[in-house]
Amino acid sequence: MRSRYPEGSPYAWTDLTYLLHRRHVSWGYYVVPGEQPDCDDGATLACHPAAMRPGTPSSWNPLPGFATVRRDGELGNIQPVRHFLHAARAGTLPAVSWIVPDFKHSEHPGSLLGNGQGWVTNLVNSVMEGPDWPSTAIFVAWDDWGGFYDHVVPPVVDRNGYGLRVPALVISPYAKRGYVDHQTLSFDAYLRFIEDDFLGGARIDPATDGRPDSRPTVREDVPQLGNLVADFDFSHPRGSLVLPPFPPP
């Protein structure tokens, strides 16, 4: 049977891993095998989430569906999360890593918050206790905001705009102690940080990538977008602070 997708993949446009691969920057995308944190249509409470596996494309694991990932022979970079834990302890982490939870550890409705918090703490501890910690920045981000109301109207940056505010943490030997970032930020700021740090400021841009891209703007270059470099003080590194994943009450 022939696929209806180009090159057997549903996503023909460029993703960040294409730029990383082109510049010989190592990357890994780590998935917890299990059930997706929610369904593809977002109906978390009204469906049974599909199974999530490293090699199966889904809304929570999209990279196996990107033509560039398949063409560049990078499918092997999408691995079970246990490989991340091993690499962290061995000091062999790739330059850029993403980690995606399953439903049990996602803190989505129906899962226990403690499971997700303990899971994230264990991931952070594994990096702090490994050889790569002195050169690491960890961004912990949520895709939900924990409520049903936000009194601040999202900024208008293009026809897509920004969404509701969500929490995020920066963990690093160089993270400013007690710092609260009041810049206007979005998930695009993570892309910008990676692109500036590893790619010399190269952007995912249809004008230079030569692939279809429906984005109305290059979001990393939107004037309102803040720069996550402001969250760091590279002149005063600090040691690690290993926490118990499940502290006693």
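Start with the largest nonpolar core of this predicted model. Select its 20 residues and pick out those with the most contacts inside it: Leu16, Leu20, Trp27, Tyr29, Leu63, Ile78 and Leu199. Helix 1, strand 1 (27–31) and strand 5 each contribute at least two residues to this core. Helix 1 gives the largest share, 4 residues. As background, nonpolar side chains in soluble globular proteins tend to be buried together.

Now centre on Trp27. Which residues touch Trp27, leaving aside its neighbours within four places in sequence? Display Thr17, Leu20, Leu63, Glu74, Asn77, Ile78, Pro94, Val96 and Trp98, and you have the set. Apart from the core you have just seen lies another one, made of 17 residues, with Ala87, Val124, Trp133 and Ile171 among them.

Next, select Asp102, in the loop between strand 5 and helix 4 (113–128). Is Asp102 buried or exposed? Its relative accessibility is 7%, so Asp102 counts as buried. The side chain of Asp102 makes a polar contact of 2.6 Å with the side chain of His105. Beyond its neighbours within four places in sequence, Asp102 is in contact with Val32, Pro33, Gly34, Glu35, Pro37 and Met52. Try a distance label too: from C-alpha to C-alpha, Asp102 and Asp38 are 9.0 Å apart, although 64 residues separate them in sequence.

Move on to helix 5, residues 188–198. Colour its buried residues, which are Asp188, Ala189, Tyr190, Arg192, Phe193, Ile194 and Glu195. Then show what covers them, including helix 1 (16–22), strand 5 (96–100), strand 6 (138–141) and strand 7 (168–171). Just after helix 5, stop at Gly200, which takes a positive phi of about 65°.

Stay with helix 5 for its charged side chains. Asp196 and Arg192 meet in a salt bridge, 3.7 Å from N to O. Why are these two about one helical turn apart? They lie 4 residues apart in helix 5, and that spacing is about one helical turn. Arg192 is buried because its relative accessible area is 18%, whereas Asp196 counts as partly exposed at 34%. Widen the selection to Arg192, Glu195, Asp196, Arg203 and Asp221, and you will see a network of salt bridges linking these residues.

How many salt bridges does a search of the whole structure find? The search finds 8. For another of these pairings, select Arg215 and Glu220, whose side chains meet at 3.5 Å, N to O. Glu220 counts as buried, at 1% relative accessibility, while Arg215 is partly exposed at 26%.

Now go to the loop between strand 6 and strand 7. Here Arg165 forms a salt bridge with Asp150, and the closest N and O atoms are 2.9 Å apart. Both partners sit in this loop, 15 residues apart. Asp150 counts as buried, with 15% relative accessibility, but Arg165 is partly exposed at 47%.

For the last stop, turn on the surface and select Leu164, in the loop between strand 6 and strand 7. Leu164 is partly exposed, with a relative accessible area of 38%. Add Trp145, Val166 and Phe187, and together with Leu164 they make a nonpolar surface patch of about 330 Å².

How values were computed: Residues are numbered from 1 along each chain as its sequence is written. This is a predicted model: local features need pLDDT of at least 70, side-chain atom pairs count only at pLDDT 80 or more; totals for chains, interfaces and linings use all residues. Side-chain values use heavy atoms; hydrogens and water are left out. Buried means under 20% relative accessible area, exposed over 50%, partly exposed in between (1.4 Å probe, protein chains only). Contact means heavy atoms within 4.5 Å. A polar contact is a pair of N or O atoms within 3.5 Å; within protein, one must be able to donate a hydrogen and the other to accept it, and residues adjacent in sequence count only if both atoms are side-chain atoms. A nonpolar core is a set of buried Ala, Val, Leu, Ile, Met, Phe, Trp, Tyr and Cys residues joined through side-chain atoms within 4.5 Å. Patches are made of residues with over 30% relative accessible area and no salt bridge: like charges are joined within 9 Å, nonpolar side chains (Val, Leu, Ile, Met, Phe, Trp, Tyr) within 5 Å. Accessible areas come from the Shrake-Rupley method with a 1.4 Å probe; for residues, only the protein chains shown count as cover. A salt bridge is a side-chain nitrogen of Lys or Arg within 4 Å of a carboxyl oxygen of Asp or Glu.
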